[in-house]
Amino acid sequence: MADYVAALDQGTTSTRCMIFDHGGNVVAVDQREHEQIYPQPGWVEHDPKEIWQRSQEVMDAAAGKVEGGAGNVAAVGITNQRETTVVWDRNTGDPVYNAIVWQDTRTDKICAELEKDGGQDRFRAKNGLPIATYFSGPKVRWVLENVDGARDRAEAGELCFGNIDTWCIWNLTGGTNGGLHITDVSNASRTMLMNLETLDWDDELLSAIGVPRSVLPEIRPSADPYGEIKNGAFNGIQVAGDLGDQQAATFGQTAFSVGEAKNTYGTGNFLLLNTGNEAVQSKNGLITTVGYKIGDQKAVYCLEGSIAITGALVQWLRDNLKMIKTSPEVEELAKTVENNGGCYIVPAFSGLFAPYWKGNARGVFAGLTRFVNNGHIARAALEATAFQSREVADAMEADSGVHLESLKVDGGMVVNELLMQFQADILGVPVIRPKVAETTALGAAYAAGLATEFWNTEDELRENWVEDKRWEPKMDESDRENLYRYWKKAVERTFDWLE
């Protein structure tokens with residue numbers, strides 16, 4: 001029997017391959033960044049061919065770092081930046097346009113048009129989502145309307161659409177030579193095109209949003225043997241798992257019971273609460289999403305609070321303002337001051353996501369005085385992540401009636417001790433980091449391992465979860481609420497900035 005399971009984790013800023021043993025420990029990893037393309041304000045693109053190239057590189061490199069190579073790997077799971085949209089020619093394999101990234105806001109006019117007949121929640125009863133630039137459906141329509149001949153080619157069955165998971169799986173399993181055009185329920189639930197109840201594409205949604213069924217992938221369970229890889233070091237190994245990155249992190253945190261939640265700190269932040277086999281509709285600005293589906297079992301749903309810009313704000317301090325040379329330096333800079341000095345940063349670079357869903361909001365610095373220095377700005381940037389997570393946690397509590405007792409955290413930013421302590425302080429509950437903080441790749445590996453009987457039960461996976469560190473809240477209630485009140489005031493300043 002094989003000793004390992006692998007995951008291809010295709011993220012917003014980089015791609016990596018991680019290989020895990022039966023205990024859920026990392027035995028090999030390789031990671032490479034890809035270019036962020038900003039053609040104009042509000043537009044964010046990736047080169048799909050570069051992403052596929054990076055995917056092949058990291059998989060081959062990681063396979064070379066384990067004993068027995070890829071031949072000692074039972075299966076591969078895929079996880080991905082979710083709503084990022086690729087449309088390509090099924091005969092040549094060439095994208096007809098760059099991938100339009102989840103943060104991109106170019107579809108604001110399409111979304112405004114869709115809202116005219118029924119408002120922002122027009123489709124929510126069917127798909128669990130507000131109408132927003134975030135999701136894939138309007139992005140597909142934009143490509144079909146703005147690339148010469150794309151709509152006709154789509155109607156003729158010549159084009160494929162997929163989120164990045166679909167693009168990677170298609171290429172891994174043969175591409176133009178019989179590649180599988182599939183996605184899983186978790187990724188399909190991010191398109192605005194899938195019916196949460198039937199777990200299939202919905203003709204009414206397709207017609208209203210303007211996407212032909214002919215471009216859509218087949219929807220499959222999240223843990224299921226899909227087919228063999230036909231290239232590179234993993235040639236002949238099964239692809240057997242597929243989860244959108246935040247659902248994968250929930251799976252990796254083994255949040256399998258109703259009421260269990262996790263918060264992932266990456267380019268953006270994403271707080272997910274397991275609601276079981278029931279799709280709970282939010283009344284407080286959250287979205288309803290499919291968490292996962294294991295084989296023939298019933299789908300498990302989640303409430304999700306999606307925040308667009310958290311880790312990306314630190315990158316902005318690094319790349320645009322040149323305040324730091326590397327992202328980890330932000331913590332040292334923030335530690336040079338006692339507090340935020342009255343400075344608040346609301347990073348509504350792509351509008352505001354949960355719980356506001358205001359595409360016309362834009363970022364603000366608030367409370368500036370001559371006293372504020374670069375240390376205060378660094379601290380305000382970290383605090384923005386924690387404040388936004390508090391807003392989502394409050395909405396989740398209001399929707400579910402479940403009081404948050406603690407928060408499991410994961411993702412790249414959880415190594416930041418200052419941020420984690422402030423998160424515990426502003427929430428007023430303990431924050432808990434697991435031993436394997438990169439739970440996104442782990443979740444994809446778990447899904448593939450369950451599908452191929454590398455692991456047999458969810459309980460086996462729970463046994464792998466080990467606490468690494470916990471932060472207890474230390475802030476006075478009055479200080480907590482005073483800081484939060486000013487944060488809410490700063491958020492209001494971002495509303496309706498674009499006319």
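## Helix H12

Asn373 caps the N-terminal end of H12, with a side-chain oxygen 2.8 Å from the backbone nitrogen of Gly375. This is a predicted model, where local features need pLDDT of at least 70, side-chain atom pairs count only at pLDDT 80 or more, and totals for chains, interfaces and linings use all residues. Residues are numbered from 1 along each chain as its sequence is written, and side-chain values use heavy atoms, leaving out hydrogens and water.

H12 covers residues 374-400, and its end C-alpha atoms sit 39 Å apart, in agreement with the 39 Å expected for 27 residues at 1.5 Å a residue (the expected span is 1.5 Å times one less than the number of residues). Of those 27 residues, 22 are buried (under 20% relative accessible area; exposed is over 50%, partly exposed in between, with a 1.4 Å probe and protein chains only). After the helix comes Gly401, with a positive phi near 75°.

## A pair within the helix

Asp394 and Arg390 meet in a salt bridge at 3.1 Å, N to O (a side-chain nitrogen of Lys or Arg within 4 Å of a carboxyl oxygen of Asp or Glu). Both lie in H12, four residues apart, about one turn. Asp394 is partly exposed at 33%, while Arg390 is buried at 10%.

## Long-range salt bridges

By this rule the count comes to 38 salt bridges. Arg82 pairs with Glu304 at 2.7 Å, N to O. Arg82 is in the loop between E5 and E6 and Glu304 is in strand E18, so the pair ties together parts 222 residues apart in sequence. Both residues are buried.

Note on methods. Helix = DSSP H or I, 4+ residues; strand = E, 2+ residues; numbered from the N terminus. Polar contact = N/O pair within 3.5 Å; in protein donor to acceptor, adjacent residues only side chain to side chain.
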